[in-house]
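Here is a short report on a two-chain question: how is each chain built, and where do the chains touch? Please keep the structure open while reading.

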Amino acid sequence: MSIIQISHLYHRFADGTQALDDVTLTFNEGEFTVIAGANGSGKTTLLRHINGLLLSESGTVTVCGKSVKSDPFAARQQVGMVFQDADSQIVGETVYDDVAFGPENLSLERQEINQRVNQALAAVDLSGFENKMPHHLSGGEKRRLAIAGVLAMAPRVLMMDEPFSNLDYPATCRVLDYILDFHKNGHTIIITTHDLEKVIAHAQRLVVMVKGCVVKDGMPADVIGGIERYGIRPPCSVQLGQGIRPWVN
Amino acid sequence: MGELTAIGFRPGQSLLHRLDPRTKQALLMGLSVASMWGKLTFLVLCTVVMMLCVNATGLRIRRLIHEIRYFLFFLCFVFGVRAITFTGGWMPTLRADVAGEALTVCWRLLLVVIMGVLLMATTRTADIRAALVWYLKPIPLVDEKMAATMLGLVVRFLPVILFQGAEIADAQRARGIERRKNPLIRLMRFTIPLFRRVFISADELAAAMQARCYSEQRTLPELSFTWRDGLAIGVGVLIFSTVLLP
């Protein structure tokens, strides 16, 4: 069953750059999709359209059958977005405040908010950090906090913009584990990245973007061949002729 | 970066931690007003109570002095300006009665600042914000929720801006900015990238808030006024009434 439908979407920035050029995509419920592309290929712009942060000039985006343009608030409830820079996403003065920010915006009862905060923090192993200040956390902890902030809103779709950027090896492994857990629990996952290595073995679908256009879309094993011509580095295992292999065991 | 925000909420179970934030804000406002007329008895009593509170909240006096060191320099400056007078021939003179008055002014300011530090150390910013909404609500033409959100964002982002400023300054020092003697050029080189980064961060923050369904109709922290608050207000009023004593 499709959960997000994008049809003939165009977006042009004020400086004339064509960020999205006739993008048509459908994402199914429970699917794990990786959107890959070089810098400036339009990945982040696409995510912002799905989340209703940018509204379409031409073309349509629907989430759960509702137009994002006519009801961006509903789209944001269904689609949680984790930004590339966790520092700019964290708005609370303490870890608790930040995770509670989304549920408070939904005007939930305090008891329900507390329950959601506890569940979200437990899901990313940040229980006990409630009274810590976010800017005292490590890079990996901040990324997990950003994920918890989105999880607390109970979205059906989890979108992550370059979730592994600026993370060291252990933090990357942890974030990857959480993403796989969320997928197992039934979340639809959409990840943008220019570095396929870490995540591609777990994805069910790979979309390649170049200069705002979708140039390839299919199962990772079918799409990965010759991907370097689009400015994307193939995983080491593919370069060694061993096919797609998990980054960590 | 921790150094920039050490005066922040410290979890605890002291009496001050358990007071309603509205009570603490009312006591701070009361102290600010009463200290304008406070004499020796008032100041000594307030100092004793304040030191007890500092001790009870687990703040170390040494750390407290370190955190407010710049304010202490400012107080020294205020003392100097008020206490030192110039008689004929540009000779600075220090008279005991004027110095006593200057000392009293500095003492009053110091008490208000310590009370402010105690408020911040024992109250989560979300609670301070909720209390502010409660106080601003009856004032016409003031959007209390917007004001409270702005306060929360300032508290959250001030350390980030200071951190970014420190990073830019370090990066410029690494490229020899100190060799440029013109302070105007140095200021421009520093402020332009800082403002650019601050504006970009503000833009990203706005997007992040929108992405998480930000609206002004939000659930605020629950505030509860208990017997402890009544007692604290009563004791506060008693202490403030000592302004009538010499």
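The text below covers chain B, the contact between the chains, and then two parts of chain A.

The model is predicted.

**Chain B**

Chain B holds ten helices and two strands. Read from the N terminus, the order is α-α-α-α-α-β-β-α-α-α-α-α. The domain assignment splits chain B into two parts. Domain 1 takes 13-124 + 222-246, and domain 2 takes 142-220. The C-alpha centres of these two domains of chain B are 31 Å apart. The C-alpha trace of chain B spans about 60 × 55 × 40 Å along its principal axes. Chain B has 246 residues, and 20% of them count as buried. Take the contacts in chain B between residues at least 6 apart in sequence: 78% of them join residues at least 24 apart.

**Contact between the chains**

At the interface, 30 residues of chain B contact 31 residues of chain A. Three helices of chain B each supply at least two residues to the side that touches chain A. They are listed here.

| Helix of chain B | Residues |
|---|---|
| α7(B) | 125-136 |
| α8(B) | 144-174 |
| α9(B) | 183-211 |

The largest share of this side, eight residues, comes from α9(B). By type, the residues of chain B that touch chain A divide into 14 nonpolar, ten polar and six charged.

**The sheet of chain A**

Chain A has an open sheet of four strands. The strand order is β2-β1-β4-β5, and the pairing is antiparallel. The edges are β2(A), residues 18-28, and β5(A), residues 66-67. Each edge strand pairs on one side only. Further in, β1(A) (residues 2-12) and β4(A) (residues 58-63) run antiparallel and are joined by five bridges. Y10(A) stands opposite S58(A), which lies in β4(A).

**Helix α4 of chain A**

Is helix α4(A), residues 95-105, enclosed or open? Eleven of its eleven residues are buried, so α4(A) is largely enclosed by the rest of the structure. Buried here are V95(A), Y96(A), D97(A), D98(A), V99(A), A100(A), F101(A), G102(A), P103(A), E104(A) and N105(A). What do these buried residues pack against? Within chain A, the partners are α5(A) (110-123) and α6(A) (139-151). From chain B, α7(B) packs against them too. That is the helix α7(B), 125-136, listed above for the side that touches chain A. After α4(A) comes S107(A), with a positive phi near 55°.

How values were computed. Residues are numbered from 1 along each chain as its sequence is written. Chains are lettered from A and ligands numbered from 1 in the order in which they are written. This is a predicted model: local features need pLDDT of at least 70, side-chain atom pairs count only at pLDDT 80 or more; totals for chains, interfaces and linings use all residues. Domain bounds come from an automatic or database domain assignment. Two residues are in contact if their C-beta atoms, placed from the backbone, lie within 7 Å. Ala, Val, Leu, Ile, Met, Phe, Trp, Tyr, Cys and Pro count as nonpolar, Asp, Glu, Lys and Arg as charged, and the others, Gly among them, as polar. Two strands pair if DSSP finds at least two bridges between them. A residue is buried if 20 or more other C-beta atoms lie within 10 Å of its own, exposed if 12 or fewer, and partly exposed in between; C-beta atoms are placed from the backbone.
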